[in-house]
Amino acid sequence: TLAYSENLLVAALMVAPFRLISGNPLLLLNLALLAALTTSGVAAFVLARYLTGNTWAALLGGLLFAFAPYRWAHVPHIQLQLAFALPLSFYFAHRIFAEGGAKSAAGLGLSIAAAFGSSGYYGVFLLTALPIVLIFEIVRASSAVRKRGLRYLLLAAVVAVLSTAPLVLPYAGKLHEGSTRAFETTSFYAAGVREYVSSFSRLHFFLPKEEEPLFPGFVAILLALGALATVAVIPSQSISGRQSRGVVWTYATLGILGVALSLGPSGGLFSVLFRVLPPYQGLRVPSRAAIVFLMAVSVLAAIGLSRIKRKLIRGTLIVVAAAECY
């Protein structure tokens with residue numbers, strides 16, 4: 001029965017202890033919302049901290065991902081607030097090739113399962129975006145590191161299949177029975193230019209107010225562009241012992257992927273995947289793929305902030321970014 005819509009199992013698990021105390025649905029929904037926002041911010045913080053080695057930069061990354069204007073357009077959609085599995089999956093994917101380890105492999109596999117237990121949309125988009133991170137890591141790794149990483153990646157795949165199958169098979173059954181979305185309706189729910197310059201923030205009162213506000217903020221955009229610009233100037237700068245060029249291009253590519261998918265049929269990519277991959281036939285709202293774009297911008301902005309050495313400027317930018325999220 002749950003396979004006719006989002007299963008919300010992760011949200012249910014989050015508030016299960018409180019359900020033993022109270023059956024008030026409003027209380028449980030509010031607690032699930034707070035938990036979803038908090039875990040999304042913490043997961044993005046962990047990823048940005050790992051990539052930059054800078055706590056202040058990681059704070060900005062977590063802030064931007066957890067409280068982007070997009071979040072406030074979807075307060076009723078608790079499944080769309082449960083986005084923590086995306087940055088967590090990328091974090092473990094990086095660690096598999098940087099350090100190896102069964103824990104990282106298990107973490108990646110379970111994060112994929114958590115994505116499907118949170119939102120079917122995010123699960124599908126994660127499996128579309130994750131190969132980009134893995135390909136960049138494989139290409140940049142030495143021969144020895146690549147072999148080790150692929151072994152642990154195989155373990156992660158086994159964990160992912162075993163833990164995700166119980167969540168995915170019911171949806172696969174519905175698709176097999178013909179319970180698919182009409183391709184024509186995806187155009188209506190696709191993003192466009194107005195959505196990407198739309199925001200509900202009070203500071204952005206002069207921007208359009210679309211139903212799907214995807215503008216990440218001026219600070220986020222400027223810092224992300226700064227991270228991209230410095231790649232050409234300082235291509236060999238190290239971030240936590242990792243080459244910044246590869247990291248920046250990885251998340252720039254993810255950002256482009258998120259935008260391309262969110263445009264729906266007009267972008268072309270969503271149309272191809274809709275026809276080729278059955279999971280896409282269960283998706284009606286392409287604009288939700290913008291979560292991948294927002295994740296990428298958050299990481300790039302964190303990298304951009306990590307390049308700024310003056311504490312006063314860093315602090316000011318974080319405060320302004322927080323105000324833009326309000």
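Which residues does Leu167 touch, not counting residues up to four places away in sequence? In this predicted model, the answer is best approached from the whole fold inward.

The secondary structure of the protein consists of 16 helices and two strands. The radius of gyration is 19 Å, close to the 20 Å that the globule rule gives for 326 residues, so the protein is as compact as a globular protein of that length. Along the principal axes, its C-alpha atoms fill a box of roughly 55 × 55 × 50 Å. Of the contacts between residues at least 6 apart in sequence, 73% join residues at least 24 apart.

Turning to the surface, the protein exposes about 14,700 Å², of which carbon and sulfur atoms supply 70%, while 51% of the 326 residues count as buried. Among the side chains there are 25 positive and 10 negative ones, and the centres of these two sets lie 14 Å apart.

Leu167 itself is found in helix α9, which covers residues 143-176. Is this residue buried or exposed? Leu167 has a relative accessible area of 18%, and because buried means under 20%, Leu167 counts as buried.

The residues that Leu167 touches, leaving aside those up to four places away in sequence, are Leu9, Ala113, Phe116 and Gly117. For one of these partners, Ala113, a distance can be added: Leu167 and Ala113 are 54 residues apart along the chain, and their C-alpha atoms are separated by 7.8 Å.

Terms used:
Residues are numbered from 1 along each chain as its sequence is written. This is a predicted model: local features need pLDDT of at least 70, side-chain atom pairs count only at pLDDT 80 or more; totals for chains, interfaces and linings use all residues. Side-chain values use heavy atoms; hydrogens and water are left out. Helices (H or I, at least four residues) and strands (E, at least two) are DSSP runs, numbered from the N terminus. The radius of gyration is taken over C-alpha atoms; the globule rule is 2.2 Å times the number of residues to the power 0.38. Buried means under 20% relative accessible area, exposed over 50%, partly exposed in between (1.4 Å probe, protein chains only). Contact means heavy atoms within 4.5 Å. Accessible areas come from the Shrake-Rupley method with a 1.4 Å probe; for residues, only the protein chains shown count as cover. Lys and Arg count as positive and Asp and Glu as negative; His and the chain ends are not counted. The place of a charge is taken as NZ of Lys, CZ of Arg, CG of Asp or CD of Glu.
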